[in-house]
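Colleague: I would like to learn how to read cysteines and a strand sheet from a set of coordinates. Could we go through one example?

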Amino acid sequence: MAAAKSNTNWFAIGVSAAVVVVLVVLGGLVVFLNNQATAPGVAPEGGNVNQETGAISFGGGDDEIDVFVDFMCPICGDFEDAYGEQLQSAAASDDITLNIHPISILDRYSQNTKYSTRAAGAAYCVAENAPDSFLDFFNFMFSNQPEENTAGYTDEELASYAEQVGAGAAADCIADGTYMNFVRDQTNQHEIQGTPTVEINGERIENADIQSRFAQILP
């Protein structure tokens with residue numbers, strides 16, 4: 001009896017193999033992108049930046065005041081209007097140590113542009129590349145704060161604002177989004193649920209108590 005004719009469909013096998021290869025590649029790409037999104041953020045190297053806590057520090061007083069702010073947060077803008085100059089002056093006189101923490105909890109209010117994260121990352125870029133200009137940049141950002149539910153400023157505009165206060169060296173860092181993951185890490189590490197968040201000597205203070213507690217230690 002003649003051998004039965006082979007019914008093997010090599011075309012179908014080839015297509016199936018190709019599909020498997022594509023799925024494997026796509027799976028690997030998804031894993032890679034997920035790892036990139038959750039990878040630990042590189043820390044800034046500025047002399048006044050604490051790479052562990054994310055604090056950008058000014059002054060040398062015994063009392064430490066930590067302020068966690070989101071550049072999209074209108075209440076943070078109100079806080080800076082009320083206390084910013086007083087806190088910065090006290091730090092300049094070494095009456096306190098002022099630790100500023102740019103963080104991000106309000107990306108959802110910037111039309112999918114991640115403005116809070118980008119702005120905080122830009123602040124770290126300035127702290128690293130032009131530390132003497134940081135407070136000028138910080139104050140400029142709140143004096144020109146975009147409203148919630150707007151797109152905020154582009155990276156090009158953030159770099160332009162940095163240049164206006166003498167921090168043009170931060171432009172490439174801002175364009176690259178170098179410290180966006182670091183901002184995410186710090187926000188999570190400190191368990192920030194609302195801004196501004198204030199700590200005095202490591203103790204987290206209720207908003208209603210900030211004024212009275214500041215009165216006890218600020219000149």
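Colleague: Is Cys76 buried or exposed?

Modeller: Keep in mind that this is a predicted model. Burial is read from relative accessible area, and under 20% counts as buried. Cys76 has 0% relative accessibility, so Cys76 is buried. Cys73, at 4%, counts as buried too.

Colleague: How many disulfides are there?

Modeller: The test is a distance: two cysteine sulfur atoms within 2.5 Å make a disulfide. By that rule there is one disulfide. It joins Cys125 to Cys173, with an S to S distance of 2.0 Å.

Colleague: Which parts of the chain does the pair link?

Modeller: Distant ones: Cys125 lies in helix α3 (residues 115-129) and Cys173 in helix α6 (residues 171-176), 48 residues apart. Cys125 is buried at a relative accessible area of 1%, and Cys173 counts as buried at 10%.

Colleague: Why is the disulfide of Cys125 and Cys173 called left-handed?

Modeller: Look at the torsion about the S-S bond. Here the torsion is about -75°, so the disulfide is left-handed.

Colleague: Now the sheet. In what order do the strands come?

Modeller: A sheet is read by asking which strands pair, and two strands pair if there are at least two bridges between them. Five strands form an open sheet here, ordered β1-β3-β2-β4-β5, with mixed pairing. β1 (56-58) and β5 (203-205) are at the edges with a single partner strand each, so one side of each has no neighbour in the sheet. On average, neighbouring strands are turned by 25° against each other, direction ignored.

Colleague: How many bridges join β2 to β4?

Modeller: Strand β2 (residues 63-69) is joined to β4 by four bridges, and the two run antiparallel. One of the partnerships is Asp66 with Glu199 of β4.

Colleague: What does β4 do on the β5 side?

Modeller: β4 (residues 197-200) pairs with β5 in the antiparallel sense over three bridges. Glu199 has Arg204 of β5 as its bridge partner, while Ile200 is matched with Glu203 in β5. Glu199 therefore has bridge partners in both neighbouring strands, Asp66 and Arg204.

Colleague: What connects β4 and β5?

Modeller: The two strands form a hairpin with two residues between them. Asn201, in the turn, has a positive phi of about 50°.

Colleague: Which residues of β4 are buried on each face?

Modeller: Read the side chains by the side they point to. Thr197 and Glu199 are buried on one side, and Val198 and Ile200 are buried on the other. Both faces of β4 are thus covered.

Key: Residues numbered from 1 in each chain as written. Predicted model: local features only at pLDDT ≥ 70, side-chain atom pairs only at ≥ 80, totals over all residues. Heavy atoms only, no water. Axes fitted to C-alpha atoms, helices over the stretch in contact; angles between N-to-C directions. Buried < 20%, exposed > 50% of the residue type's maximum accessible area, 1.4 Å probe, protein only.
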